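Good morning, and thank you for attending. Please look at the sequence and the structure on the screen while I describe them.

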Amino acid sequence: MSAIASDYDVVVVGGGAAGLNGALMLARMRRSVLVVDAGRPRNAPAEAVHGLFARDGTPPAELLARGRAEVEGYGGQILIRQELWKGFFGWIAYTVSRSERKDHPDDPWRVFQYDQTHILTIIGSYKFGRGYQVGIRFRYVTGNPYTPTVGSYYDVNSDAYVPINGPLYSARLGSFNQLDVRFDKKWTFQRWAMSMYIDIQNIYRASNPEGYAYNFDFSQRSAIAGLPFLPVLGIRGDF
Ligand SMILES: Cc1cc2nc3c(=O)[nH]c(=O)nc-3n(C[C@H](O)[C@H](O)[C@H](O)COP(=O)(O)OP(=O)(O)OC[C@H]3O[C@@H](n4cnc5c(N)ncnc54)[C@H](O)[C@@H]3O)c2cc1C
């Protein structure tokens, strides 16, 4: 489960007025768009934007916030990379969306099976120098909708209990949250570089539900948890 997908139709580098406007047009054309922005618009020191039709006097930060909201409203994603102070970099990506579906013209709207209303990813890394680096990644995602089992009946022909389902996708799993921490050490040689890392996933052992398992007559259930605490040791060579 991740906020940032592995591929997009378009990645826009630079989320100022120009980048956001381009991203907005593309997102409106139903292209999947990611805007990557370093968060340093050149007019940041200005008090207000002047000479912009219908937005004269708007502070630059407000103009960009409006632009980002418009892009996200069409499904575009924004990733802001910020150098907070020397050696420290952070990224925050947040998406809010709501997917609904109507199965039949006469049916009411219902939440879509894969709706994930809030998706938040926070990434931070700090370079100590001499090839040492520490990084963290925090993720929060709204739990997926599921159809609850509200009871069961005994089927004599199959000699088994059959579940009775509640309204379609009317319940939600608990939210997903996970913190990963990674330590890297890199050695740079003349012709190649080697790095060793330890990547500790789910460091505070969050128990993230991925579904439910039921007993024989569906009267009891237990949550199926996702990835537990997982340390991974790795070595990598770059030539
Ligand atoms: C002090 C000042 C006042 C101004 N006032 C006005 C005004 O009143 N009216 C007006 O029309 N114009 C004004 N301008 C001009 C205004 O800055 C531009 O019209 C507008 O900001 C240009 O938008 P842009 O998207 O092209 O660039 P920018 O606003 O500079 O945005 C570029 C974005 O791309 C990011 N970026 C760059 N390289 C990378 C990278 N490799 N990876 C990720 N992100 C990257 C930057 O961090 C930045 O956020 C002013 C300019 C300055 C300097």
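**Two domains, a ligand shell and a helix**

The protein chain is divided into domain 1 (8–84) and domain 2 (86–239); such bounds come from an automatic or database domain assignment. This is a predicted model, in which local features need pLDDT of at least 70 and side-chain atom pairs count only at pLDDT 80 or more, while totals for chains, interfaces and linings use all residues. Residues are numbered from 1 along each chain as its sequence is written.

Let us begin with the two domains. The C-alpha centres of domain 1 and domain 2 lie 28 Å apart. Their contact takes 10 residues from domain 1 and nine residues from domain 2, where two residues are in contact if their C-beta atoms, placed from the backbone, lie within 7 Å. On the side of domain 1 that touches domain 2, the largest share, eight residues, comes from strand β3 (residues 77–85). Helices (H or I, at least four residues) and strands (E, at least two) are DSSP runs, numbered from the N terminus.

We turn now to the ligand. Which residues are closest to the ligand? They are Gly14, Gly16, Ala18, Ala38 and Asn43, and 21 residues surround the ligand in total. A residue is counted as near a molecule if its C-beta atom, placed from the backbone, lies within 6 Å of it. The elements that give two or more residues to this shell are α1 (17–28) and β2 (33–37), and α1 gives the most, with three residues.

Finally, consider helix α2 (residues 60–73). At 1.5 Å a residue, its 14 residues should span 20 Å, and this agrees with its end C-alpha atoms, which are 20 Å apart; the expected span is 1.5 Å times one less than the number of residues. The buried residues of α2 are Leu64, Gly67, Arg68 and Val71. A residue is buried if 20 or more other C-beta atoms lie within 10 Å of its own, exposed if 12 or fewer, and partly exposed in between, with C-beta atoms placed from the backbone. Seen down the axis of α2, its buried residues fall within an arc of 100 degrees, so they line one face of the helix; the arc is that of the directions from the helix axis to the C-beta atoms. On the other side of α2, Glu62, Ala65 and Ala69 are exposed.

Why does glycine 67 count as buried? Glycine 67 does so because it has 20 C-beta neighbours inside 10 Å. Glycine 67 and glycine 16 are 51 residues apart in sequence and 8.8 Å apart in space, C-alpha to C-alpha.
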